[in-house]
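Here is a set of short exercises to work through with the model open in your viewer. Try each task yourself before reading its solution.

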Amino acid sequence: MRSEEKIRHGARPWLVNGETVLAGFVARPRGWTQGVAGSIHLGAAQQAAARAGAEAAAFRLGSPMALAITDRRLLSLSMGAQVGMGLGGGVKELLGEAPLSAVDSITVTRLLLGKVVTVTIRGTSFTLEVGAGANTKGVVAAYERCRVGA
């Protein structure tokens, strides 16, 4: 099962009546890869900054986590570790949520083999890192559609 399918299925217990997951991807707070790749201090500083930004926006992050968008909310969901070939990585719990009216922007920047996603909620930004194949375009497009329709 693909990651996005696992997110859609695993988020069901935390959805309200009629709410559906439109798109989602697996992410980690910015700096996780640097911390694992050997630049421990820089990676830890970037992760701390991402977590502090999310906390200031009243939005909790996990590692790994899913960022999912519904027609009403942006969700942060704790994920189990993925072991490859589609194994593992199921949704564990709801960590954070924000109504789409509180989300100011979601932007994506390419970075070598992955992407950096900057989320701004209630005027406060935080960054996430995601793999190159993550459906960031789907999340951004769903956000833009929902904001226009609101």
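Helices (H or I, at least four residues) and strands (E, at least two) are DSSP runs, numbered from the N terminus. Keep in mind that this is a predicted model.

**Exercise 1. The overall layout**

Task: work out how many helices and strands the protein chain has, and the order in which they run.

Solution:
- Start with the count: the protein chain has 4 helices and 9 strands.
- Now walk along from the N terminus, and the order reads α-β-α-α-β-β-β-β-β-β-β-β-α.
- Next, burial: 46% of the 150 residues count as buried.
- For the surface, expect about 7,600 Å² of accessible area, with 57% of that belonging to carbon and sulfur atoms.
- Finish with contacts: taking those with a separation of 6 or more, 54% are between residues 24 or more positions apart.

**Exercise 2. The aromatic pair**

Task: find which residues form the aromatic pair, and say whether the pair is stacked or edge-to-face.

Solution:
- The structure holds 1 aromatic pair, formed by Phe59 and Phe126.
- A pair of aromatic rings is described by the distance of the centres and the angle of the planes.
- Here the centres are 5.7 Å apart and the planes make an angle of 20 degrees. Planes under 30 degrees apart count as stacked, and the pair of Phe59 and Phe126 is stacked.
- Now place the two rings. Phe59 sits in the loop between helix 3 (40-56) and strand 2 (65-70), while Phe126 belongs to strand 9 (residues 124-131), so the pair ties together parts that are 67 residues apart in sequence.
- Last step, accessibility: Phe59 has a relative accessibility of 2% and is buried, and Phe126 is buried at 2% as well.

**Exercise 3. The surroundings of Ile121**

Task: decide whether Ile121 is buried or exposed, and list what Ile121 touches.

Solution:
- Ile121 is part of strand 8.
- The relative accessible area of Ile121 is 0%, and the cut-off for buried is under 20%, so Ile121 is buried.
- Skip residues up to four places away in sequence, and the residues that Ile121 touches are Ala57, Phe59, Leu74, Ala98, Ala102, Val103, Asp104 and Phe126. Both members of the aromatic pair, Phe59 and Phe126, are on that list.
- For a distance check, go from C-alpha to C-alpha between Ile121 and Ala54: they are 8.1 Å apart in space and 67 residues apart in sequence.

**Exercise 4. Backbone oddities**

Task: find where the cis peptide bond is, and which phi values are positive in residues other than glycine.

Solution:
- Some background first: most residues other than glycine have a negative phi, and most peptide bonds are trans.
- The cis bond joins Ser63 and Pro64, with omega at about 0 degrees. Pro64 is in the loop between helix 3 and strand 2.
- Ala58 has a positive phi, near 60 degrees. Ala58 also lies in the loop between helix 3 and strand 2, and at 54% relative accessibility Ala58 counts as exposed.
- Arg122 has a positive phi too, near 50 degrees. Look for Arg122 in the loop between strand 8 (114-121) and strand 9; with a relative accessibility of 46%, Arg122 counts as partly exposed.

**Exercise 5. The second largest pocket**

Task: find what volume the second largest pocket has, and which residues are closest to its centre.

Solution:
- The volume of the second largest pocket is about 210 Å³.
- The pocket is lined by 12 residues, and those closest to its centre are Ser3, Val26, Gly133, Ala134 and Asn135.
- Sort the lining by class and you get 4 nonpolar, 6 polar and 2 charged residues.
- As for elements, helix 1 (3-10) and strand 1 (21-29) each supply at least two lining residues.

**Exercise 6. Two helix residues**

Task: say whether Thr136 is buried or exposed, and how Ala49 rates on relative accessibility.

Solution:
- Thr136 is in helix 4 (residues 136-149) and counts as buried at 3% relative accessibility.
- Leaving out neighbours within four places in sequence, Thr136 contacts Phe25, Val108, Lys115, Val117 and Val130.
- Ala49 is in helix 3 and counts as partly exposed at 48% relative accessibility.
- The C-alpha atoms of Ala49 and Pro29 are separated by 8.8 Å, with the two residues 20 apart along the chain.

Definitions and conventions. Residues are numbered from 1 along each chain as its sequence is written. This is a predicted model: local features need pLDDT of at least 70, side-chain atom pairs count only at pLDDT 80 or more; totals for chains, interfaces and linings use all residues. Side-chain values use heavy atoms; hydrogens and water are left out. On a 1 Å grid over the protein atoms alone, a cavity is a set of points where a 1.4 Å probe fits but cannot get out, and a pocket is an open set with protein on both sides within 12 Å along at least five of seven lines; lining residues have an atom within 4 Å of a point. Grid points are joined across faces, edges and corners, and a volume is the space filled by probe spheres set on the points. Ala, Val, Leu, Ile, Met, Phe, Trp, Tyr, Cys and Pro count as nonpolar, Asp, Glu, Lys and Arg as charged, and the others, Gly among them, as polar. Buried means under 20% relative accessible area, exposed over 50%, partly exposed in between (1.4 Å probe, protein chains only). Contact means heavy atoms within 4.5 Å. Accessible areas come from the Shrake-Rupley method with a 1.4 Å probe; for residues, only the protein chains shown count as cover. Rings of Phe, Tyr and Trp (its six-membered ring) pair if their centres lie within 6.5 Å; planes under 30 degrees apart count as stacked, over 60 as edge-to-face and the rest as tilted.
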